[in-house]
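Q: Please take a close look at the sheet, its strand pairings and what packs against it. A single connected account would be best, with cut-offs given where terms are used.

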Amino acid sequence: MHALIEHARSFRDRAAADGAPLAPLAQGQTPLALFITCSDSRVVPSLITGAKPGELFELRTAGGIVPRYSLDRPSAEAATIEFAVEVLQVADVVVCGHSHCAAVAALARGDDLTTVPAMAGWLSAASDRTDDLGADGLDRAVQRHVVAQMERLRAHPAIRRRLDQGRIGLHGWFYEVHTGTVLTHRSGADAFRPL
Ligand SMILES: [Zn+2]
């Protein structure tokens, strides 16, 4: 933790030295995209995309899961998506899965999650498909998972309205944590290809 604290302590000076002024951010934010991904520490959206402060609005959950839209209970995920689209007017949404994802692996394998009951509840409530690990392995399971999250995202009212109007782009990505490679979903071929 010490290294993290030292880095945070000197961030202000380094930001000033980098010539990327932070002061204009006090006026507000106009992010280029909403980036939905897993909480996994190996996935660093701003590093992957080169986004600077103010350019990426992030929603991170265990497994990068997008819950089904419902107003029956408050949902941080639905609120974040709604705010990004309705207030910030993001033009694009990226749903990014990743290799070696423990949450998707647990879903696909049907792991015993009794020691992490909150995780078990989240995965079972937030996922409406039992993804089969299959012979093609975890990478393909994660990619099917990304497509499933995109389907659920399309049902969120704010997203659906803008899709109908052709005012928003949805992108499904798959990131390899061990190589840095990014693949993107080609809907025509229903396959993930290099970006
Ligand atoms: Zn993950």
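A: Within the sheet, Phe35 has Val94 of β3 as its bridge partner. This is a predicted model, in which local features require pLDDT of at least 70 and side-chain atom pairs pLDDT 80 or more, whereas totals for chains, interfaces and linings use all residues. Numbering starts from 1 along each chain as its sequence is written, and side-chain values rest on heavy atoms, with hydrogens and water left out.

The pairing of Phe35 with Val94 belongs to a parallel arrangement in which β1 and β3 are joined by 5 bridges. Strands here are DSSP runs of E with at least two residues, helices are runs of H or I with at least four, and both are numbered from the N terminus; two strands pair if DSSP finds at least two bridges between them. β3 is also parallel to β4, with 7 bridges between the two, and Val95 faces Gly172 of β4. Of the 7 residues of β3, 6 are buried, so the strand is mostly covered (buried means under 20% relative accessible area, exposed over 50%, and partly exposed in between, with a 1.4 Å probe and protein chains only).

The whole assembly is an open sheet of 6 strands in the order β2-β1-β3-β4-β5-β6, and its pairing is mixed. The edges are taken by β2 (56–61) and β6 (191–194); each has a single partner strand, so one side of each lacks a neighbour in the sheet. Direction ignored, neighbouring strands are turned by 30 degrees against each other on average. At the β2 end, β1 (residues 33–38) and β2 run parallel over 6 bridges, and Cys38 is partnered by Thr61 of β2.

Two helices that lie on these strands can be described next. Helix α3 (residues 76–87) lies across β1 and β2, at about 165 degrees to β2. Helix α6 (residues 137–154) also packs on the sheet: it touches β1, β3 (92–98), β4 (169–175), β5 (182–186) and β6, and its direction makes about 160 degrees with that of β4. These angles run from 0 to 180 degrees between N-to-C directions of axes fitted to C-alpha atoms, for helices over the stretch in contact, and contact means heavy atoms within 4.5 Å.

Aromatic rings add further links. Rings of Phe, Tyr and Trp (its six-membered ring) pair if their centres lie within 6.5 Å, and planes under 30 degrees apart count as stacked, over 60 as edge-to-face and the rest as tilted. The structure holds 2 such aromatic pairs. One is the edge-to-face pair of Phe35 and Trp173, with 5.9 Å from centre to centre and 80 degrees between the planes. Because Phe35 lies in β1 and Trp173 in β4, this pair ties together parts that are 138 residues apart in sequence. Both Phe35 and Trp173 are buried. The other pair, Phe57 with Phe83, is tilted, at 5.9 Å centre to centre and 35 degrees between the planes. Phe57 belongs to β2 and Phe83 to α3, 26 residues apart, and the pair thus links distant parts of the chain. Phe57 counts as buried at 16% relative accessibility, while Phe83, at 36%, is partly exposed.

Helix α6 has a helical neighbour as well. Helix α4 (residues 102–109) packs against α6 at an angle of about 95 degrees, and the axes are 10 Å apart. Val104, Ala105, Leu107 and Ala108 of α4 meet Leu138, Ala141, Val142 and His145 of α6 in this contact. α4 is mostly covered, 6 of its 8 residues being buried; these are Ala103, Val104, Ala105, Ala106, Leu107 and Ala108. Just after α4, Gly110 has a positive phi of about 65 degrees.

Two loops that lead into strands of the sheet also deserve attention. Gln89, in the loop between α3 and β3, has phi near 55 degrees, a positive value in a residue other than glycine. Its relative accessible area is 43%, so Gln89 is partly exposed. Asp190, in the loop between β5 and β6, likewise has a positive phi, near 45 degrees, without being glycine. With 49% relative accessibility, Asp190 counts as partly exposed.
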